[in-house]
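I opened the notebook to record a few look-ups on one structure. The entries follow in the order I made them.

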Amino acid sequence: MKKVDIKKVVLAYSGGLDTSIIISWLKEEYNNCEVIAVSGNVGQDDELEGLEEKALKTGASKLYILDQTEEYVNDYIIPTMKAGAYYEEYLLGTAHARPLIAKGLVEIALKEGADAICHGCTGKGNDQVRFELAIKHFAPHMLIIAPWREWSIQSREEEIEYAKNHHIPLKINEKTNFSKDKNLWHLSHEGLDLEDIGNEPLYEEKGFLEMGVSPLQAPDIAEYIEMEFIKGIPVSLNNQTMSAKEIILKLNELGGKNGIGLLDIVENRLIGMKSRGVYETPGGTILYKAHEYLETITLDKMIAHKKAELAITFGELVYNGQWFTPLREALSAFVDKTQETVTGKVRLKLYKGNIIKAGVWSKYSLYSDELATFGESDYNQTDSAGFINLYGLPIKINAQIQSKK
């Protein structure tokens, strides 16, 4: 399809630096096409204030704000958490939000009869893959426009200059020009002084952290919390029944004030390069820890070990934008089977960036204090002699053969 044939474009719109200038750029490059802005609300509520006015002022014909928060938690976050999946310590906050946002983009594009979908992801990043694979899944015929792969702009500084020249208002400048992504699960920081891996993140500097504080600034008194799960899904916090979304939001508050969930990582991007990012995931870090704690007593050894192996694959699929694939769906089915006994209660102690185990209970517990005790029990210790003889038989035979050589 030629540029002149594109009359209507749906744009993934956040109101940030990239998408703020893309509306103007699209209209210049694509024959004054209509641009429909779409923002998927996955928990970045404060960033949505004034978004419609900004989108319209910069040339969009309309703005859709899709409330995707419940779907995000129930259909993306919780399945990934139950799998225990992460990627190189990263808890996948941006990665599992992108497929859902892309799904919403396709829904609006089909509704509006759009000719193309546009995103503001750079050609260096992972998000271009996550968006486009999801779009291909739901609308394989849809044309995708990626300005970073077309325009002559080479840096965020040049983007700011473009915005100034086109009178596009921005909330950032050259000194606050971090690349950030925020949702109800996390906040990521990239760019500026973080690009020098020799620099320590300025956690104590005012305005850097948004979801919490540095462990150094956290209270000197520990805080206990109790969480209940049913089949791997969190259902209550501190004896109050809540939805999974409400629990995550409350954990964000509790974890944030106790300096929990900060991650400084040099990760291996799908595109082939290493990149440095700082992530804030206070509630998610607690939730993962609590769920993992409960699994230690409710999963048997073989399931737990195999699940841990497959969690690596699950995390890679999510990170690499392959959410809508048969393999991810098959792994989720396996995970759901393992969660049938992951029901019980966990107590944790939060203190200056630490999550300390403080008790775990389940009616499906496989732990027996009668067997594990150092005191008297019904366990017959002489049984282990025969087990060791059989278990060590290959080692014994190999040693005998080697000695003959």
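Entry 1. I looked up S188 and asked whether it is buried or exposed. S188 has a relative accessibility of 7%, so it counts as buried, the cut-off being under 20%. The model I am reading is predicted.

Entry 2. I placed S188 in the secondary structure: it belongs to strand β7, which runs over residues 187-190. I then listed what S188 touches, leaving out neighbours within four places in sequence. The contacts are T94, S179, K180, D181, V278 and Y279.

Entry 3. I turned to surface charge and noted a negative patch made of E157, E158, E161 and E195. I checked E157 in particular and found it in helix α6, residues 156-165. Its relative accessible area is 44%, so E157 is partly exposed. Patch membership asks for over 30%, and E157 at 44% meets that part of the rule.

Entry 4. I took the charge count for the protein chain: 45 side chains are positive and 59 are negative. The centres of the two sets lie 3 Å apart.

Entry 5. I went on to the chain as a whole. I recorded 13 helices and 14 strands. The C-alpha trace spans about 85 × 55 × 45 Å along its principal axes. The protein chain has 405 residues, and 49% of them count as buried. I noted an accessible surface of about 20600 Å², with 53% of it belonging to carbon and sulfur atoms.

Entry 6. Last, I looked at contacts with a separation of 6 or more in the protein chain. Residues 24 or more positions apart account for 74% of them.

Terms used:
Residues are numbered from 1 along each chain as its sequence is written. This is a predicted model: local features need pLDDT of at least 70, side-chain atom pairs count only at pLDDT 80 or more; totals for chains, interfaces and linings use all residues. Side-chain values use heavy atoms; hydrogens and water are left out. Patches are made of residues with over 30% relative accessible area and no salt bridge: like charges are joined within 9 Å, nonpolar side chains (Val, Leu, Ile, Met, Phe, Trp, Tyr) within 5 Å. Accessible areas come from the Shrake-Rupley method with a 1.4 Å probe; for residues, only the protein chains shown count as cover. A salt bridge is a side-chain nitrogen of Lys or Arg within 4 Å of a carboxyl oxygen of Asp or Glu. Lys and Arg count as positive and Asp and Glu as negative; His and the chain ends are not counted. The place of a charge is taken as NZ of Lys, CZ of Arg, CG of Asp or CD of Glu. Helices (H or I, at least four residues) and strands (E, at least two) are DSSP runs, numbered from the N terminus. Buried means under 20% relative accessible area, exposed over 50%, partly exposed in between (1.4 Å probe, protein chains only). Contact means heavy atoms within 4.5 Å.
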